[in-house]
Amino acid sequence: LKLVGGSPANFLDVGGAANKDTITAAFKIIQGDPDVKSIFINIFGGIMRCDVIAEGVVGAVKEVGLSKPLIVRLVGTNVEKGKQIIAESGLDVIAIGDFTEAAKKAVEMAK
């Protein structure tokens, strides 16, 4: 984020066993941090499948709500299915496949 003009306010790693509950807990922490201006989720689905993460993100947003811009970068196993889950959710989530472009968008949305 620093390379594209931003400054990370928080960092959470939900790990390879992430599910809706762990992602929901992470969202509560992140959204409760006043220094966080946008949320950038970067997923390389090697250990964790992108569709599982997408389902967790959608479920967490539906449960917790979304008070800050959310940018999700998905790459890896079941990426197309993950993108489809996000796109069909009807939520205001920006999905971008390229890391640099996603980071730029997160910085832009934080301003």
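Reading from the N terminus, the elements of the protein chain follow the order α-β-α-β-α-β-α. That comes to four helices and three strands, in what is a predicted model. The radius of gyration is 13 Å, close to the 13 Å that the globule rule gives for 111 residues, so the chain is as compact as a globular protein of that length. Put in a box along the principal axes, the C-alpha atoms take up roughly 30 × 25 × 25 Å.

A few whole-chain numbers fill in the picture. Of the 111 residues, 38% count as buried. Take the contacts with a separation of 6 or more: 74% of them are between residues 24 or more positions apart. On the outside, the accessible surface is about 6200 Å², and carbon and sulfur atoms account for 54% of that. As for charge, there are 13 positive and 13 negative charges, and their mean positions sit 3 Å apart.

Now for the inside. The largest nonpolar core has 23 residues, and the ones touching the most other members are Phe 27, Ile 41, Ile 53, Val 57, Leu 70 and Leu 74. At least two residues of this core come from each of helix H1 (20-31), strand E1 (39-45), helix H2 (50-64), strand E2 (70-76) and helix H3 (79-88). H2 chips in the largest share, with seven residues.

Phe 27 is a handy place to start looking at how that core is put together. Leaving aside residues up to four places away in sequence, Phe 27 touches Ile 41, Val 57, Ala 60, Val 61, Leu 66 and Leu 70. The last of these, Leu 70, is found in strand E2. Leu 70 has a relative accessible area of just 1%, so it counts as buried, the cut-off being under 20%. With the same sequence neighbours left out, Leu 70 touches Phe 27, Ile 39, Ile 41, Val 57, Val 61, Asp 92, Val 93 and Ile 94. Ala 60, another contact of Phe 27, is 10 residues from Leu 70 along the chain, and the C-alpha atoms of Leu 70 and Ala 60 are 12 Å apart.

Helix H3 has its own inward-facing example to look at in Ile 86. The relative accessibility of Ile 86 is 4%, so this residue also counts as buried. Outside the residues up to four places away in sequence, the contacts of Ile 86 are Ala 54, Val 58, Val 72, Leu 74, Val 93 and Ala 95. One of these is Val 72, which is 14 residues from Ile 86 along the chain, with 9.1 Å between the two C-alpha atoms. Val 93 turns up in the contacts of Ile 86 and also in those of Leu 70.

Two other residues see more of the outside. Glu 55 lies in helix H2 and has a relative accessible area of 45%, so it counts as partly exposed. Glu 55 and Ala 26 are 29 residues apart in sequence, and their C-alpha atoms are 14 Å apart in space. Asn 78 sits in the loop between E2 and H3 and is partly exposed as well, at 34% relative accessibility. The backbone is the odd part here: Asn 78 has a positive phi of about 60 degrees although it is not a glycine.

Notes. Residues numbered from 1 in each chain as written. Predicted model: local features only at pLDDT ≥ 70, side-chain atom pairs only at ≥ 80, totals over all residues. Heavy atoms only, no water. Rg over C-alpha atoms; globule rule 2.2 N^0.38 Å. Buried < 20%, exposed > 50% of the residue type's maximum accessible area, 1.4 Å probe, protein only. Contact = heavy atoms within 4.5 Å. Areas by Shrake-Rupley, 256 points an atom, 1.4 Å probe, with all protein chains shown as cover. Lys, Arg positive; Asp, Glu negative; His and termini not counted. Charge placed at Lys NZ, Arg CZ, Asp CG, Glu CD. Core = buried A, V, L, I, M, F, W, Y, C linked by side-chain atoms within 4.5 Å.
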